[in-house]
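Here is a short tour of one protein model. Have a look at the fold first, and then read on.

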Amino acid sequence: MSSSADLDLGDGSGQESLSGITNFLQAGGDAGRVLSASIIGVIVSPVVAVIDVINAVANFFAQPFNSAGDAIGSLLRGLFEAPGNLLIAGADVSEIALRSIFGDTLAGLLAFPVTVGLVMIGLYMVVLYLREDETGDVLPGLPIGVPTDIFGVEEEDTIDE
């Protein structure tokens, strides 16, 4: 009997294992090798199962942190890449517009400063909106209020008062 046959159990399923053992023995494989491999498999399989369970539990508890890291990465990309992309797009549009008005030389010099100025004006408008200035209740943005004391209703204080 030659011992050059290889014991191939395929994907480890029952049918593949039996086919592999049968092919191994028909090719002149050693039955003692199959028996020792089976005994080692029976001894090692509970350890592998416990390791798989520990790995699954660790992944269960680690997954929220992995997802949080991905979410923070997406947030930072959105906070920093989006304005950068806006600057790039604005620079391209400004350059095209300035080239059509002033020609190539002067437009190339003014394109980027004009775009940065537009972005700064946009950010300033957002900051003005977020400042939450006191306004009246007649028209939004105007500091004119209608006195409601005559109706017996008092206005609630705002959070910052």
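Let's begin with contacts, meaning heavy atoms within 4.5 Å: among those in the protein chain with a separation of 6 or more, 29% join residues 24 or more positions apart. The model is predicted, so local features need pLDDT of at least 70 and side-chain atom pairs pLDDT 80 or more, while totals for chains, interfaces and linings use all residues. Residues are numbered from 1 along each chain as its sequence is written, and side-chain values use heavy atoms, without hydrogens and water.

The chain holds three helices and zero strands (DSSP runs of H or I with at least four residues, or of E with at least two, numbered from the N terminus). Of its 161 residues, 10% are buried, that is, under 20% relative accessible area with a 1.4 Å probe, protein chains only.

Helix H2 deserves a closer look.

| Feature of H2 | Value |
|---|---|
| Span between end C-alpha atoms, residues 31–102 | 90 Å |
| Span of a straight helix of 72 residues, at 1.5 Å a residue (times one less than the residue number) | 106 Å |
| Bend at Ala62 (angle between axes fitted to the seven residues ending there and the seven starting there) | about 40° |

Pro64 follows the bend at Ala62 within four residues. Val34, Ala91, Ser94 and Leu98 are the buried residues named in H2. Just after H2, Gly103 takes a positive phi of about 95°.

Ile121 lies in helix H3.

Key: Buried means under 20% relative accessible area, exposed over 50%, partly exposed in between (1.4 Å probe, protein chains only).
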